[in-house]
Protein chains: 2
Amino acid sequence: MGNSTLMGSPTPNLGILLRLLHQQWTQAIDTALDEAGFVDIRPSHSNVLAFTPSSGIQVSELSKLSKTRKQSITQAVEELEKLGYVERRPDPRDKRGRLVFLTVRGQAVQPTAMAAGKRIQQNWESVAGKETIDGLTSTLQLILERLPRGE
Amino acid sequence: MGNSTLMGSPTPNLGILLRLLHQQWTQAIDTALDEAGFVDIRPSHSNVLAFTPSSGIQVSELSKLSKTRKQSITQAVEELEKLGYVERRPDPRDKRGRLVFLTVRGQAVQPTAMAAGKRIQQNWESVAGKETIDGLTSTLQLILERLPRGE
DNA sequence: CAGATATTGACAGGTACCTGTCCATTTGGT
DNA sequence: ACCAAATGGACAGGTACCTGTCAATATCTG
């Protein structure tokens, strides 16, 4: 009712589409980890879990790898530390820094988290085709590389 | 230094790429509106400005069109109302509802905001090619349509 | 037409990012 | 060796979304 203002195709706004897809991705990761039993891990924690090597890593480095600000990583690390997934120790090579390490528990989640991402991508591939998703990935990378402000 | 843990291609994570592109889009819209002199308008306001017709519209309908929750729209409308871009009047056909209308000032921004979106898309096209961006758009739509939870 | 159900829009509160600022420490130039 | 500049990480605070709940009104059903 009240459809007097018609619209054939409601102008699919690129901003909205990107927001929705990102939400889908994020929520899928969260759901997958919940189902794997890691109910206390939230999406932002992936920025730490996905990039922490067994040799330890600084918050600043995690920030660069995950492309988020240091503050976001700091908060995620604090939460993961409280939950027992990571621990921080002073960096012997830099007295300003602290190194983040996975605990035994963290070492158990990491593969699950990595697998979740892969599984979701495969799900998208099953829906749109592997080549399409590959094309999507490279398009996103291409724009980010070539766009100004990209660092 | 410390590059012992090498990585040729650092695994371009789809979630991160989507987040970064969405940030780019959002920030570009904000910058464009700033440059056009509308410094008090923020990205979330576009969800209202882009979809409000001269005949007025309910918050719930804006929520559906912009694919965000009612609460987000309500907040954006409140802010835009304080800034003098929209006004709310009771819906004569539904005593629960209120209709959102653009003020004269709001009618001035709307075309600028719409043009900003178009301009940014053209910028992306100039960087990746029009066909690539068209492909990106339809891929995003395709995934959203075919994915579960897409309502 | 009465009662169950759905919808509108508000209130409260949480999450994942962001910017700005600050201090300790390291690094780099002369 | 010094001092300037960069870097590591913390503190404070803001934005744009989210979920859950609720009262008032509307709509659907028997």
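**Asking why: two protein chains and two DNA strands**

Me: Let's start with the DNA. How do the residues of the surface near DNA strand D divide into nonpolar, polar and charged?
Reply: There are 2 nonpolar, 11 polar and 11 charged residues on that surface. Keep in mind that this is a predicted model.

Me: What makes a residue part of the surroundings of DNA strand D, and which are the closest?
Reply: The test is a heavy atom within 4 Å of the strand. For DNA strand D, 24 residues surround it, and the closest are K70(A), R96(A), R42(B), R69(B) and Q71(B). So both chain A and chain B have residues in that closest group.

Me: Where do the residues near DNA strand D come from?
Reply: Four helices supply at least two residues each: α1, α3 (59-66) and α4 (70-83) of chain A, plus α4 (70-83) of chain B. The largest share, 3 residues, belongs to α4(A).

Me: Which part of DNA strand D do the atoms within 4 Å of the protein belong to?
Reply: Sugar or phosphate accounts for 62% of them, and bases for the rest.

Me: What makes the pairs between T74(A) or R88(A) and DNA strand D polar contacts?
Reply: A polar contact needs a pair of N or O atoms within 3.5 Å. T74(A) has a polar side-chain atom 3.5 Å from a phosphate oxygen of DNA strand D, and for R88(A) the distance to a phosphate oxygen is 3.3 Å. Both values fall within the 3.5 Å limit, so both pairs count.

Me: What does R96(A) reach on each strand?
Reply: On DNA strand D, a polar side-chain atom of R96(A) sits 2.4 Å from a base oxygen. On DNA strand C, the partner is also a base oxygen, with a distance of 3.2 Å.

Me: How about DNA strand C: which residues come nearest?
Reply: Out of 25 residues around it, the nearest are R42(A), R69(A), Q71(A), K70(B) and R96(B). The surface near this strand holds 2 nonpolar, 11 polar and 12 charged residues. Of the strand C atoms within 4 Å of the protein, 62% are from sugar or phosphate, and the others are from bases.

Me: How do you know that N47(A) and R19(B) make polar contacts with DNA strand C?
Reply: Check the distances. An N or O atom in the side chain of N47(A) is 3.3 Å from a phosphate oxygen of the strand, and for R19(B) the value is 3.5 Å. With a cut-off of 3.5 Å, both pairs therefore qualify. The elements giving two or more residues to this surface are α4 of chain A and α1, α3 (59-66) and α4 of chain B.

Me: Now away from the DNA. How do you know that the span of α6(A) fits its number of residues?
Reply: At 1.5 Å a residue, 24 Å is expected for the 17 residues of this helix (130-146), and the reach from first to last C-alpha is 24 Å.

Me: Why are the buried residues of α6(A) said to line one face?
Reply: The buried ones are I133(A), L136(A), T137(A), T139(A), L140(A), I143(A) and L144(A). Looking down the helix axis, they fall within an arc of 160 degrees, so they line one face. E131(A), E145(A) and R146(A) are exposed on the other side.

Me: What covers those buried residues of α6(A)?
Reply: The cover includes α1 (14-35) and α5 (104-128) of chain A, along with α1 (14-35), α5 (104-128) and α6 (130-146) of chain B.

Me: And in chain B, what do the buried residues of α6(B) pack against?
Reply: They pack against α1, α5 and α6 of chain A and α1 and α5 of chain B.

Me: Why is T52(B) called buried?
Reply: Buried means under 20% relative accessible area. T52(B) has 3%, so it counts as buried. Its place is the loop between α2 (46-49) and β1 (57-58) of chain B. Beyond its sequence neighbours within four places, T52(B) contacts I57(B), L62(B), V100(B), F101(B), L102(B) and Q110(B). A polar atom of the T52(B) side chain is also 2.7 Å from the backbone oxygen of V48(B).

Me: What makes T103(B) buried or exposed?
Reply: Its relative accessible area is 15%, under the 20% limit, so T103(B) is buried. T103(B) sits in the loop between β3 (98-102) and α5 of chain B. Leaving out residues up to four places away in sequence, T103(B) touches G84(B), Y85(B), V86(B) and E87(B).

Methods: Residues are numbered from 1 along each chain as its sequence is written. Chains are lettered from A and ligands numbered from 1 in the order in which they are written. This is a predicted model: local features need pLDDT of at least 70, side-chain atom pairs count only at pLDDT 80 or more; totals for chains, interfaces and linings use all residues. Side-chain values use heavy atoms; hydrogens and water are left out. The expected span of a helix is 1.5 Å times one less than its number of residues. Buried means under 20% relative accessible area, exposed over 50%, partly exposed in between (1.4 Å probe, protein chains only). The arc is that of the directions from the helix axis to the C-beta atoms. Contact means heavy atoms within 4.5 Å. A polar contact is a pair of N or O atoms within 3.5 Å; within protein, one must be able to donate a hydrogen and the other to accept it, and residues adjacent in sequence count only if both atoms are side-chain atoms. Ala, Val, Leu, Ile, Met, Phe, Trp, Tyr, Cys and Pro count as nonpolar, Asp, Glu, Lys and Arg as charged, and the others, Gly among them, as polar.
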